[in-house]
Amino acid sequence: HTIRRCTVYNTGDGGIVMSGGDRKSLERSEHVIEENYIHHFGQWSRCYVPAIHVHGVGMRVSKNLIHDSPHTGIIYWGNEFLIEYNEIHHVTLESGDAGAIYTGRDFTARGNVMRFNYIHDNGGEGMGSMGIYWDDCVSGQTAYGNIFVRVSRGMMMGGGRELVVENN
């Protein structure tokens, strides 16, 4: 499945939700979400309704423009995601302890790569807003070549193992 070049805005909850692949066998879905413009989402439910919410195995989230939300831009759960070349700004405007890109709570969610994303000008109450947030012992993640500008923290790692952060 591919979702490409769509505009999604002024939604009560999130933007795009996609699942696929098989986590037990790690069979890849090869689903793609790319070149979409998603903004002003999460107007009814204020948390955990991101612009892009993916779960499963083997998806690519690429070249999307995401902005203006009370909470996070991209949430992913699973394995072997490639999240690249996205621009995310003015998210987490009403929340703290959140990230523009977020995952957590799964030691087996490995093989995910975040690269060449431009994350800037995000909000954040209390603890602030992270560019990329790997929470609660998620492991086996890689981030490189990302640009973080005017965020509370570029990266936040809440435990876990085999987390690689290079050349951001």
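How many residues of β15 are buried? In this predicted model, 7 of the 7 residues of β15 are buried, so the rest of the structure largely encloses this strand. The briefing below covers an open sheet, the pairing around β15, a nonpolar core and one buried glutamate.

**The open sheet**

- An open sheet is built from 6 strands, and their pairing is parallel.
- Read across the sheet, the order is β2-β5-β8-β11-β14-β17.
- The two edge strands are β2 (7-9) and β17 (147-149). Each of these edge strands pairs on one side only.
- From one strand to the next, the twist averages 5 degrees.
- Inside this order, β5 is followed by β8. Strand β5 covers residues 37-39, and strand β8 covers residues 65-67. They pair in the parallel sense over 3 bridges.
- To see this pairing in the structure, find Tyr37, which stands opposite Leu65 in β8.

**Strand β15 and its partners**

- Strand β15 pairs with β12 in the parallel sense. This pairing runs over 6 bridges.
- Between β12 and β15, Ala98 stands opposite Ser129 in β15.
- Strand β15 is also joined to strand β18, residues 153-157, by 4 bridges. These two strands run parallel as well.
- Here Tyr133 stands opposite Met156 in β18.

**The largest nonpolar core**

- The largest nonpolar core has 29 residues.
- Which of its residues touch the most other members? They are Ile52, Val54 and Ile101.
- Five strands are listed as each supplying at least two residues of this core: β3 (16-20), β6 (52-57), β9 (74-79), β12 (98-104) and β15 (129-135).
- Ile52 has contacts far along the chain, even when residues up to four places away in sequence are not counted. Among them are the isoleucines Ile16, Ile33, Ile38, Ile66, Ile74 and Ile75.
- Ile52 also touches Val61, Asn64 and Gly73.

**A buried glutamate**

- Glu34 lies in strand β4, residues 32-34.
- Is Glu34 buried or exposed? Its relative accessibility is 8%. Buried means under 20%, so Glu34 counts as buried.
- Neighbours within four places in sequence are left aside in the contact list of Glu34. The residues in contact with Glu34 are then Ile3, Arg4, Arg5, Arg60, Ser62 and Asn64.
- Asn64 appears in the contacts of Glu34 and also in those of Ile52.

Note on methods:
Residues are numbered from 1 along each chain as its sequence is written. This is a predicted model: local features need pLDDT of at least 70, side-chain atom pairs count only at pLDDT 80 or more; totals for chains, interfaces and linings use all residues. Side-chain values use heavy atoms; hydrogens and water are left out. Two strands pair if DSSP finds at least two bridges between them. Axes are lines fitted to C-alpha atoms, for helices over the stretch in contact, and angles run from 0 to 180 degrees between N-to-C directions. Buried means under 20% relative accessible area, exposed over 50%, partly exposed in between (1.4 Å probe, protein chains only). Contact means heavy atoms within 4.5 Å. A nonpolar core is a set of buried Ala, Val, Leu, Ile, Met, Phe, Trp, Tyr and Cys residues joined through side-chain atoms within 4.5 Å.
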